Amino acid sequence: MELELVNLYDDFRDANTIKAYAKIIKEDAKKLKTPINIMEVCGGHTHTIMKFGLPQLLPANIKFIHGPGCPVCIMPKERIDHAYVLAMQEDVILVTLGDMIKVPGSSGTLQDARSKGADVRFVYSPLECIKIAKENITKKVIFFAIGFETTTPMTAALIDSVIKQDIKNIYFHINHVTVPEVMRELIDSRDEHVDSYNNKIDAFLGPSHVSVISGSKIYEEFPRDYNRPVVVAGFEPVDVMQAISMIVKQFVEDRCSLEVEYKRLVSYDGNVKAQNLIDKYFNKRDLFKWRGLGNIPKSGLKLRDEFKEYDAEMIYKDILPIGEIEDHKLCICGDILRGMASPPECTIFGTACKPTSPVGSCMVSSEGACAAYYKYGNLV
Amino acid sequence: MTKTVTLAQGNGGEENNELISKVFYKAFNNEILAKSEDAAIIHDGELAFSTDSFTVSPLFFAGADIGKLAVCGTCNDLAMMGAKPKYLTCSVIIEEGFATRDLEKIVRSMKKELEVNGALVVSGDTKVVPRGSVDKIFINTSGIGEVIKKGISSNNITMEDLVIVNRDIGCHGAAIFVAREGIEMKSSLESDCESLYPQVKALLDANINITAMRDATRGGVSAVLNEWAKQSNICIEVEEESIPVSDEVKGICEMLGFEATALANEGTFVLAVKKEDAQRAVEILKGFENCQRATIIGKVSDTHMQRVILKSSWGTSRFLETPSGELLPRIC
């Protein structure tokens, strides 16, 4: 791969374009009858918004609400404990992605497991597991798979290769989750809480990388059934500012529809080949527990029964803990993931809970709202 | 602090600082150590004294190797205190089975770099340990330098100073990442590993009024700026757009979710220079081959004491934090 990535984003960070959108938004916002709250579902957007200081460019009647779209943040302790137990097995190499190794479960983080002698590795691409497995044929390589629709095809591609190459020492612990189910849950559950929190979600910024795989069609129901506009947006500051202006225009013109800002990669149907690969190996769990949000129906994936010989959850069934674990009493990650509270409202934010010693998962990943607030501050 | 030492505690950032202050400073505390400079100033301010250990993997990488690094690292720490590197020690711990040819190659690199600094290795030690006890080879060097300009210190920066970097940042960290991790990636990127004494000498010869210098090794430029903000009790305001970053480094940062300011360097340093001399300092640095992008990146203010503020070209601002944790790539 040649490194010419910079050309891909330079235009999308252009100061004049960002300022121009800020001006358009400000003008249009004057015509709004009521303030609007826009939830950016994805942690990647939260990161962009905080890193580039975008709230500082918005008028007072437009507010971001940070959503639950950070795969590390939503991982409940129960699942992290699984990873920990698996990692501590003598003949296991536990492989996972990035920040996952920093999230505390009830016995500690995977980093702690590693300092106690466990073989824990992080990779950029799940396909690296194949190399690890071939170099360590006496070991069992377990891929602790996490992420939304964006990363699921990579796990599916790994399973596909493992089967085709007849590799006998790679197993899977699947924690993939899906976006539309949690968006639905946020709207439905919110009605019960809406009186106590003045944080109604008026519109969604849709994660574009998810739609590159799944298409924009997955958000159709939100404008149609829930009266919430959705704009699928890219991750550069110009993308986000343009998407905000599209949302504001919908309110000003009294429209409610699904629009795509990220036209350079998102189509209505998405990547059908990737979707087929996912369908081939995964089906929906009845329930998946999200940290802070509880059990959400059909929101998680698992390996299909015919591939159970690769399923670490089956193979290690006898040693994996099954009890429910309560989150830390003072941590409000749950409310933050629901978009009902913002990080500074948490009493332990920045004091007992910091990126170096996170209490809750939102402080761990760079895409978590707490970590983004802690890291970038944001000065007006 | 954690019960066992974690990799994050060697990151040059926050956890690293905590380990140093709670374990080492607590035990060894004295006036010289407490100054937290790149090198200790001893003997009535006449001498600078520093040490560094090198454990880099891979041993040979684009732009340098562990040998060059081992000499540059210690010599640069001395140069940052306005000292001319004079005498070094060299201790090596070698894993059984290490190729003699590689060892010779490493030592040749060291010799060449000593010549650039005009320094000598005057004492050393060699240990060979059973396979698995170290990863191939670890090198420690300590060095003594003769202070040419007294009073350079990270504790004395004021609003009279401007902040300069000598070149584009992040090359070493990015090059090592590309070489080390399992990314199938081609890149023309080279480590910036280089002896800084010649640049420091040129600045001092021209009587540039330097308040402080620090090489931006682990923790990168953002660690240096944050250390300075704390040590000198100031606020440093940096224009993000003015920080020079090559397209290759930007590309790697975007792909893996890093910030160039947090990446390690081995031939990049930050200077605090009196306002009236700042432009002249930049011109002198630009006379060096690798410093074509030397530039002023920020100023000192009193808006948020002990903090570093990064300002965007579209008018927003945020804090630039000391890097923390292991450098891990973003997930999606």
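## Nonpolar cores

A nonpolar core is a set of buried Ala, Val, Leu, Ile, Met, Phe, Trp, Tyr and Cys residues joined through C-beta atoms within 7 Å. This structure is a predicted model. Its largest nonpolar core holds 121 residues. Within that core, A:Ile38, A:Ala87, A:Leu94, A:Ile142 and A:Phe143 touch the most other members. Helix α11 of chain A, residues 237-252, gives the most to this core: nine residues. Another core lies apart from it, with 89 residues. Its members include B:Ile169, B:Met213, B:Val224 and B:Ala294.

What does A:Phe143 contact, once neighbours within four places in sequence are set aside? The partners are A:Val95, A:Pro126, A:Cys129, A:Leu158, A:Ile170 and A:Phe172.

## The five-stranded sheet

Chain A has an open sheet of five strands. The order is β2-β1-β7-β8-β9, and the pairing is parallel. Which strands stand at the edges? They are β2 (62-69) and β9 (258-260) of chain A. Each has a single partner strand, so one side of each is left without a neighbour in the sheet. From one strand to the next, the twist averages 25 degrees.

Take one pair in detail. Strand β1 (residues 36-42) and strand β7 (residues 203-207) of chain A run in the parallel sense and pair over three bridges. A:Glu40 has A:Leu205, in β7(A), as its bridge partner.

Helix α11(A) packs on the sheet. The helix touches β1, β2, β7, β8 (230-233) and β9 of chain A. Its direction makes about 165 degrees with that of β8(A). This is also the helix that gives the most to the largest core.

## Domains of chain A

Chain A is divided into domain 1 (5-67 + 199-260), domain 2 (77-177 + 300-315) and domain 3 (333-376). Taken over C-alpha atoms, the centres of domain 1 and domain 3 of chain A are separated by 22 Å.

## Where domain 1 meets domain 3

How many residues of domain 1 of chain A are in contact with domain 3 of chain A? Twelve residues of domain 1 are in contact with eleven residues of domain 3. On the domain 1 side, α3 (43-51) and β2 of chain A each supply at least two residues. The largest share of that side comes from α3(A), with six residues. By type, the residues on the domain 1 side divide into four nonpolar, seven polar and one charged. Strand β2(A) thus appears twice: at an edge of the sheet, and on the side of domain 1 that touches domain 3.

Technical notes:
Residues are numbered from 1 along each chain as its sequence is written. Chains are lettered from A and ligands numbered from 1 in the order in which they are written. This is a predicted model: local features need pLDDT of at least 70, side-chain atom pairs count only at pLDDT 80 or more; totals for chains, interfaces and linings use all residues. A residue is buried if 20 or more other C-beta atoms lie within 10 Å of its own, exposed if 12 or fewer, and partly exposed in between; C-beta atoms are placed from the backbone. Helices (H or I, at least four residues) and strands (E, at least two) are DSSP runs, numbered from the N terminus. Two residues are in contact if their C-beta atoms, placed from the backbone, lie within 7 Å. Two strands pair if DSSP finds at least two bridges between them. Axes are lines fitted to C-alpha atoms, for helices over the stretch in contact, and angles run from 0 to 180 degrees between N-to-C directions. Domain bounds come from an automatic or database domain assignment. Ala, Val, Leu, Ile, Met, Phe, Trp, Tyr, Cys and Pro count as nonpolar, Asp, Glu, Lys and Arg as charged, and the others, Gly among them, as polar.
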